[in-house]
Amino acid sequence: MKSERIPGFGTRAIHAGQEPDPTTGAIMTPVFMTSTYVQEAPNQTKGYDYSRTCNPTRTALEQNLASLEGGQHGLAFASGMAAIHCVLNLLQSGDHVIAGNDLYGGTYRLLRTLYAKFGLETTFVDLTDLQQLEAAFRPTTRLVMLETPTNPLLRCCDLAAIAKSCRKRGVMTMADNTFATPYLQNPLALGCDIVAHSTTKYLGGHSDVVGGALIVNDAELRQKLAHFQNSCGGTPGPMDCFLVLRGTKTLHIRMQRHCENALTVARWLESHPRVARVLYPGLKSHPNFSIAKKQMRAGGGMVSVELQATVAQAKKVASSLRVFSLAESLGGVESLVDHPTSMTHASIPAAERKRAGLEDGLIRLSVGIEDAEDLIADLDQALRRLK
Ligand SMILES: *Cc1c(COP(=O)(O)O)cnc(C)c1O
């Protein structure tokens, strides 16, 4: 039997799914700006018939992302929400979903306001507590949706343990791996069925494109998802695919620097007198440090900070930063700051945010790949305004 050596992450990031263009030798995958493809005879195609169904630039991206996650099949979408929406189409009215209780706000909204009216029931639990998960299962439970690290509290749940518990019951697991990226963590290898991404974030990496993806191993599951992808039509255009494909080429290098900078910033913040708590999975003080260490290569680029401050003061700090830009989103080369309770997580009712431990004094940092000294100097000048 021929054993094929699997190339390392960086080599796959740059090459997987891509061949020099056979007609010209162009080293970069062309942006196939076409809606349709000429057929030799009815239904006699070269594998492509209509660009909602498939497009060669998208195929290259899908294969690249599958390779990075260590999966068999990739599916690209017009946004992370279109990807997650596609997964929910696997369910039926009356089915039950268990979801993490500090999910991305858009996912929460999709479950709570859009799918609830079609008779899909969701229980939100703290998935870092396996007993809460066990207690939430019902005979009708079909899917567990999780994020790790979560947004914005950066809690880490045990992917292998959750996948094992779900498998035993025939329940599917979907892990949103947007925060960790495939460079840091591979949920499929730990037993999850579906990996979801907002490629808008680290995979694109340059804040210039909105996109999403799903990666699976099972061919039948891929078939179903591809059917919904084509039926609902939330597919990305070729230029967007090209931009994400360009982003993934440097994912490993960017992630190394994101992680280094985030750790430096987290350590500095931890010793600051006006900081109540720093939440960073790479710090020993993080409640889920041991789980993060077990399943992640490093702590990631996101740092959340609970300030000893009122809401108004927290907003003031967020607005006084100069190198960090005040904006939603994350994962780009430039540093961003977010005040979750008034921005990204405002759609979650205040009582529920409180229950999940999301305080008004919390700010979330997407630590970019600038020089760490400049990031710290910036945080220093903004925090001085609290005195
Ligand atoms: C941004 C984000 C999404 C949604 O992705 P879009 O590309 O904005 O649609 C989903 N999950 C997580 C964790 C995200 O950060």
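**Note on the largest pocket and the aromatic pairs**

1. In this predicted model, the lining of the largest pocket consists of 8 nonpolar, 13 polar and 6 charged residues.

2. The volume of the largest pocket is about 430 Å³. Its lining comprises 27 residues, and those closest to the centre of the pocket are Met81, Tyr104, Gly106, Ser198 and Lys201. Two or more lining residues come from each of α3 (80-88), α4 (105-115) and β6 (194-198). The most is given by α4, with 4 residues.

3. Where does the largest pocket lie with respect to the domains? Residues of its lining come from both domain 1 (9-248) and domain 2 (251-383), so the pocket lies between them.

4. The whole structure contains 4 aromatic pairs. One of them joins phenylalanine 9 and tyrosine 183: the ring centres are 5.3 Å apart and the planes stand at 70°, so this pair is edge-to-face. Phenylalanine 9 belongs to helix α1 (residues 9-15) and tyrosine 183 to helix α7 (residues 181-184), so the pair ties together parts that are 174 residues apart in sequence. Phenylalanine 9 and tyrosine 183 are both buried.

5. Another aromatic pair, tyrosine 37 with tyrosine 48, is tilted, with 5.5 Å from centre to centre and 35° between the planes. Both tyrosines lie in the loop between α1 and α2 (56-68), so this pair ties together parts that are 11 residues apart in sequence. Tyrosine 37 has a relative accessibility of 15% and therefore counts as buried, the cut-off being under 20%.

6. Tyrosine 183 also has a charged partner: the charged end of arginine 297 sits over its ring, 4.1 Å from the ring centre.

Notes: Residues numbered from 1 in each chain as written. Predicted model: local features only at pLDDT ≥ 70, side-chain atom pairs only at ≥ 80, totals over all residues. Heavy atoms only, no water. 1 Å grid on protein atoms, 1.4 Å probe; cavity = no way out; pocket = protein on both sides within 12 Å on 5 of 7 lines; lining within 4 Å. Points joined across faces, edges and corners; volume = space filled by probe spheres on them. Nonpolar A, V, L, I, M, F, W, Y, C, P; charged D, E, K, R; others polar. Domains from an automatic or database assignment. Phe/Tyr/Trp six-rings, centres within 6.5 Å; stacked < 30°, edge-to-face > 60°. Buried < 20%, exposed > 50% of the residue type's maximum accessible area, 1.4 Å probe, protein only. Lys NZ or Arg CZ within 6 Å of the ring centre and 35° of its normal.
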